[in-house]
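Hi,

Here is the structure I promised to send over. Have a look at it first, and then read on for what turned up.

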Number of protein chains: 8
Amino acid sequence: MNIDIRFDFQRRERIGLLEAIWGADKSVDQLKRLSEEVLSKKEVVFITRITSEKANCLLERYQDARFYQDAKCLIIGQNFKKFITTKKVGIVAGGSSDLAVTLEAKLALEIHGVSCKSFIDVGVAGLHRLMSQLEEINKYDVLIVCAGMEGALATVVGGLLPQPIIAVPISVGYGVGKNGETALNSMLSSCSPGIAVMNIDNGYGAAMAALRLLRVFPRKFFISYRFLVDFLSIN
Amino acid sequence: MNIDIRFDFQRRERIGLLEAIWGADKSVDQLKRLSEEVLSKKEVVFITRITSEKANCLLERYQDARFYQDAKCLIIGQNFKKFITTKKVGIVAGGSSDLAVTLEAKLALEIHGVSCKSFIDVGVAGLHRLMSQLEEINKYDVLIVCAGMEGALATVVGGLLPQPIIAVPISVGYGVGKNGETALNSMLSSCSPGIAVMNIDNGYGAAMAALRLLRVFPRKFFISYRFLVDFLSIN
Amino acid sequence: MNIDIRFDFQRRERIGLLEAIWGADKSVDQLKRLSEEVLSKKEVVFITRITSEKANCLLERYQDARFYQDAKCLIIGQNFKKFITTKKVGIVAGGSSDLAVTLEAKLALEIHGVSCKSFIDVGVAGLHRLMSQLEEINKYDVLIVCAGMEGALATVVGGLLPQPIIAVPISVGYGVGKNGETALNSMLSSCSPGIAVMNIDNGYGAAMAALRLLRVFPRKFFISYRFLVDFLSIN
Amino acid sequence: MNIDIRFDFQRRERIGLLEAIWGADKSVDQLKRLSEEVLSKKEVVFITRITSEKANCLLERYQDARFYQDAKCLIIGQNFKKFITTKKVGIVAGGSSDLAVTLEAKLALEIHGVSCKSFIDVGVAGLHRLMSQLEEINKYDVLIVCAGMEGALATVVGGLLPQPIIAVPISVGYGVGKNGETALNSMLSSCSPGIAVMNIDNGYGAAMAALRLLRVFPRKFFISYRFLVDFLSIN
Amino acid sequence: MNIDIRFDFQRRERIGLLEAIWGADKSVDQLKRLSEEVLSKKEVVFITRITSEKANCLLERYQDARFYQDAKCLIIGQNFKKFITTKKVGIVAGGSSDLAVTLEAKLALEIHGVSCKSFIDVGVAGLHRLMSQLEEINKYDVLIVCAGMEGALATVVGGLLPQPIIAVPISVGYGVGKNGETALNSMLSSCSPGIAVMNIDNGYGAAMAALRLLRVFPRKFFISYRFLVDFLSIN
Amino acid sequence: MNIDIRFDFQRRERIGLLEAIWGADKSVDQLKRLSEEVLSKKEVVFITRITSEKANCLLERYQDARFYQDAKCLIIGQNFKKFITTKKVGIVAGGSSDLAVTLEAKLALEIHGVSCKSFIDVGVAGLHRLMSQLEEINKYDVLIVCAGMEGALATVVGGLLPQPIIAVPISVGYGVGKNGETALNSMLSSCSPGIAVMNIDNGYGAAMAALRLLRVFPRKFFISYRFLVDFLSIN
Amino acid sequence: MNIDIRFDFQRRERIGLLEAIWGADKSVDQLKRLSEEVLSKKEVVFITRITSEKANCLLERYQDARFYQDAKCLIIGQNFKKFITTKKVGIVAGGSSDLAVTLEAKLALEIHGVSCKSFIDVGVAGLHRLMSQLEEINKYDVLIVCAGMEGALATVVGGLLPQPIIAVPISVGYGVGKNGETALNSMLSSCSPGIAVMNIDNGYGAAMAALRLLRVFPRKFFISYRFLVDFLSIN
Amino acid sequence: MNIDIRFDFQRRERIGLLEAIWGADKSVDQLKRLSEEVLSKKEVVFITRITSEKANCLLERYQDARFYQDAKCLIIGQNFKKFITTKKVGIVAGGSSDLAVTLEAKLALEIHGVSCKSFIDVGVAGLHRLMSQLEEINKYDVLIVCAGMEGALATVVGGLLPQPIIAVPISVGYGVGKNGETALNSMLSSCSPGIAVMNIDNGYGAAMAALRLLRVFPRKFFISYRFLVDFLSIN
């Protein structure tokens, strides 16, 4: 039962984004097979949600693998096709429990060549913590706001600053806030206008959305698309 | 099919609170019958969630009835047993859409003789609106915070001021915030400590909780309770 | 019971966005009072989710009011502080049932001076409809994708084009897809990376997110924020 | 406390389908007892959702047992009553995380004598992967489409090809897509017409539905049914 | 604000199915515009979920329009491209409350030229009603089973007969069964193997699934697909 | 931090039912302390949902303790106050996965002196299994019906037999049926009239409901209740 | 499109219960057709959840029809086959808002010849109201407990009295208690043992459950069942 | 990747409450780093939801650390700034399974210098247990009521006593009551007026709410707030 795996290597060409490997549901064997394939194309391997156990197995095998324990991410090789941009992304987070998601977003941006900085523990229960860093935060071009619990941080930041805001609900809390759905719904219902929301804990996705926003990638149109149009309208 | 109705007239004696009549599910006939019974005991009638149509029917019949359209409440007669307290309640609300619930709470407090003031449209999307009234709000002894959408107002107020905070989620919004559950869960998950929460749109309940907090009512112990204890432990 | 309403007139100064009036929960009286206040500040009135009945009442009173029935929006006056930008927004929609939300977003963008175009009925059940317009869609700088039912349109567009994508789930459908939650969750779970999602039916919010992305508004830092920082850190 | 177990051995006679043993909730002891009973009737044992640990216990005992680790299935003995059909089933899957369910369906079909082929990693985020295999997929008579996340694959395939489509939502993802409900609801709400849906992760069920569709089993009417009719109408 | 509507006229060519017009969310004006466009292509108009009021407006305008009140469907013109098949579909329904959905499925099949028969009120609370018709039901090649409440009918039929079974949950009931979700989940969790399920109340969809199963439509492969494959693999 | 525990020893006197100890959330220490207290009152200890590990600790300490592994129940001592009744309870279950709950109900009945018999694996997917035992089942005075998945067994039994039926949904299944809620809602929505439902997996509760139904316990009225009435109406 | 309707006239013979007609989803025409059929068999018509409008249409036509507005029930003709029993049912209800369901249960019992009495407004917020009637309530053989809001009444009654308790959650309340699900889940989770629960607002069902409990109906075994057994085991 | 953590040390100054450390999601390393920082400010460390394993690591390092296993809390150092109040808090709990949350609340109050007492196992299934302690409970100034299952205890206590009531739903139970949501919704929907509710299992939060109610903390207004007001209104 040998199953072929079709990695989306054209994604970078098509929409400028690297495909990450979701490590949570995969065995070490599957991760190794996928890594081999990616490395054989001279691409960089970026694995998210990987446990220490699985990471150690890969660290043994690949000398240039780096494991970021707090981010639960592992990177093998280097990304030689980084974007060149002076735009910077600020990542604002409500508490230290949001750390893993925050760092996943940070790594995903840095591997594409985008500079970014984290602002941790600026939750709104003590508003002075946010306020004392507001001027610094305002210097960043795109803001990723990570928050668990009731997710009010996105509303407060969105009401004070004019940047694009990508909100990431975090599955931190207990009771009704346990799995991040309260933060998610809170961000979607925010009374601050124009806040765009990602799936719960989706740090990597927030980074990808930020990359789209920075518009560093040329918007060429693939010739194959044009042919498709012609043929589809004939039939 | 004549059904007796047993109104809880002893509630005021027992826990100091007037029983309100929930008008939403009752017909004009039922409301009239209940009002008659309450008035015959020399008590004040306080009906919540009553439509203009039903209210008008009662206004025709009772000369001293007053209908508060924005609050959807109707009061017949006067409450001669008001409490005497100098403590005041502040009602803080996120938007003008929260008006009906806010006013229901206000009327319920005033009918018990407690002075209170509303602070409307101090939502956190524009933080300056709240900040500019913060010193005034701080003068009140108990705070009722009403908010729909993502309900972040409770978190921000609770993080800035030390008073008891009774949060009331409002069923205002659309999509995931439509029925008030997002505001409810947000308030329950608040990262500001010690915020106590009422059911969605429960302005009357918030007023009753505030009355309990003001502790204006003497905590006597009913002799019947004591007898019950004795007899139950014999058996 | 005269209640003051505090409109957030500083929002435009602070984050560059006009505050819209949510018409669904407000009476004609409330809408008139709010409109008066906005017009007295020489600002434009933008009301969303307004019924024909309420709209007609306002049309009678304000000569320069315009009602857009399909968009369920009403505008009074003109926005003299439009942004100057050559960037354009494309609005892609799955079916004609998504029309109202699509047009709400379009009007909200145009009132801020941003040019945009709608691409309706390009749902993925017949992929050729999308494909035949893909080259044209690719010319737009930011894409708003509106879809009800299973919301797969966002995934397909996001997988083909590199622009920032703001997905708006629509409450169109029946059974499990009735209220738009399936489209919402589908967009949040999209396997295409970097898709940012708005609340169900939130066309206005999507427009505001697009405005933030276009970054036409200067990111100045308010002096009051700076003072706040100093004082908060002293205490 | 000896409990009799009544296996449905007549199912094959009645509706042409083999009864599988759901291994997830059963102990090794229960699995052994059930296997004994099935084997004593000269039938083949087909256990789904079985862990490696449980499987090893059974492998030790039965020489002709085969364990398919990726499919989490174990088979003991051979099915001598396979159907004879030239019809083939294609199994299309969005990602390698859908592998277990895909293989469960494949085994369940093959054990009944139906030929089938898997098409893995043809997810719609990179549409070219599906398109490049579309002609090949079109050669199959019934299509089983497995997808997690937002499950858009079923909509795209259903919009392009005319075959019967059995969609299986997979419990792969995180946040709102975590347990497969988003994929399920998405498939049920598909804008492509005529897509029939199975329970989350129900690969075996999809295979059984495919067998029903292939109509390889003669539709005789049991005499007992007819008697039942007579007697029931007498009473 | 003139919006073009792109009807999927190629659907019949591509997958053999007629596109229905979902009447619930559309105004009479929109229905007329869509009907005009469909009729101009010499196609038959098939509108589902249409109220008597809207239907009457269309009946006035189109002489050959027929309104089926119990089915809430309206048909204009005739379908000259009906399939030729001797296969028949049986529609089994639990109660008379399921009538509208049952008839929608029946009409959708008949308009494509497929013969079918309804078996109403064969609910499992009185099993004799089903049993007395079982032999007759068994003569049909594909079975559509409609049931509200707890939806047990699908399980019982699926356990007795070997045909392909397409289950349609109906939004009939009250309390936890009110909106059809209990019937839906019950059908998805059925202990009878191989039951495929449609969205709640989706009679039209069940008919389309049945059409796919009958495989009356030739599975040609569109040349445009092939070109797409080539070009996509070049890029 | 020594915490007193108040066991409800009067329950047997009051309503005729023994209080069981819910073993799932309690530590071995807590179970021992509770057992000591119960035994010191010459009562029988009945612990439900206890793991083998915890049970072994108690088996070591109490010589007359009996552990029923399949039922996950442990009993210490004997119930000398059993009821004398010739009425019998039949427990009907859909599959062998429902065994634990079935046996918990059986033990709970037997410890009160009520005779009962289990009918396992009579699920409705193969109706003959139920039918072949129907005459035997009909001999029992009260029926407890346990079923997971879609829970249709309760509907079928309730439609055929006139006894009181207590339905227990079981948390067996996967996907939408995983946690027993589908079986629960299905039983509550049953089209067979007069089926009363217990909480998911509540075998003990079903036994208690059966005991109430058998009305073996004399309905005396406690003198303390009467006094309470007098005193409460004085105050 | 003439559809036959198969009423379950054998239900009375089989399980002793009359089939009610659920009036909510049926048109006046359908109700008339069903009534005709029932009356032609010399049976009594019992329609639940019928509006005044529909009821008036039937009152005009049938002279011996009686409409019970508060119960939303209509009865035509008389039930000559009433049971003879001295057992009585007590119906205990939390508030006057539960009236309709309470009366539906009462009528359904009385039409079968069972005597019963309602105890309204004995909610637990003022425990004295329940206590003062407890001795009277204790005289009844089976208790139906109706309660909305948090449904605590079932727990309190079940903890004090030993009778069989059939709990009916009522869809009265607002916010999280709005649709009766809180009362339902509360009753299912009751810490008082042996409380059996019906679907939300299911007064008729509670009456049917009470009838089963009273065991007034002889438990004969239908000969057709026995034949079925024989034949099914042959095949 | 060195991340700064900003502890909210000003919370005590601002709103009088100590910030607790939520131990559930933090590693031993993170707990140590946070403890160091707190201790360096001469503050007391209060960690909630900490496992025995983590606690032991901290006990080894800090001599004056105390671990309260039943409460799952760890305290390091002493709180020298306790309040001086003669007011007392009573904590009433339904069962011994609610112990951990009850004790968390107790410790959180005591560390602030507030005296309190627990009343365990006074659940309403056996009302005499509550009644026999009611007079004692009535002596306390604020009542925290903890209950799992259906949470009816809050309603009964709230109906009998006039104190402020803070209800804490507990995640104890099974089936529909498993995760505490039934108790939560039951408390929010209580028919006893004025009951304020905390998040599920939030013992610490209940203690903080009680502290706010006791109003032992002076309500000074921070000068920074006043400046903020001035500056915000200038801009």
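How many salt bridges are there between chain A and chain C? The count is 0, where a salt bridge is a side-chain nitrogen of Lys or Arg within 4 Å of a carboxyl oxygen of Asp or Glu.

Before the rest, some ground rules. This is a predicted model, in which local features need pLDDT of at least 70 and side-chain atom pairs count only at pLDDT 80 or more, while totals for chains, interfaces and linings use all residues. Residues are numbered from 1 along each chain as its sequence is written, chains are lettered from A and ligands numbered from 1 in the order in which they are written, and side-chain values use heavy atoms, with hydrogens and water left out.

Let's start with chain A by itself. It has 10 helices and 9 strands; these are DSSP runs, with helices being H or I of at least four residues and strands E of at least two, numbered from the N terminus. Of its 235 residues, 69% count as buried, meaning under 20% relative accessible area (exposed is over 50%, partly exposed in between, with a 1.4 Å probe and protein chains only). Contacts here are heavy atoms within 4.5 Å. Among the contacts in chain A with a separation of 6 or more, 67% are between residues 24 or more positions apart.

Now back to chains A and C. A 180 degrees rotation, with 0.0 Å of shift along its axis, puts chain A on chain C with an RMSD of 0.0 Å (a least-squares fit on the C-alpha atoms of residues with pLDDT of at least 70 in both). The two copies are thus related as by a two-fold rotation axis. Also, 100% of the interface residues of chain A are interface residues in chain C too, so the copies meet through the same surface.

In that interface, 49 residues of chain A are in contact with 50 residues of chain C. The two chains bury about 4,500 Å² between them, 59% of it on carbon and sulfur atoms; buried area is the accessible area (1.4 Å probe) that two parts lose on being put together, summed over both. On the side of chain A that touches chain C, the elements giving two or more residues include α1 (11–15), α7 (152–160) and α10 (223–234). The most comes from α9(A), with 6 residues. By class, that side has 28 nonpolar, 10 polar and 11 charged residues (Ala, Val, Leu, Ile, Met, Phe, Trp, Tyr, Cys and Pro are nonpolar, Asp, Glu, Lys and Arg charged, and the others, Gly among them, polar).

Three single residues are worth clicking on:

- G:V157 sits in helix α7 (residues 152–160) of chain G and counts as buried at 1% relative accessibility. Beyond four places in sequence, it touches G:L130, G:L143, G:V145 and G:I165.
- C:T182 is in helix α8 (residues 181–188) of chain C and is buried at 4% relative accessibility. Setting aside residues up to four places away in sequence, its contacts include C:M149 and C:E150, plus D:N185, D:S186 and D:S189.
- H:E150 lies in the loop between β7 (142–147) and α7 (152–160) of chain H, and at 2% relative accessibility it is buried. A polar atom of its side chain is 3.3 Å from the backbone nitrogen of G:C191.

Have fun looking around!

Note on methods. Polar contact = N/O pair within 3.5 Å; in protein donor to acceptor, adjacent residues only side chain to side chain.
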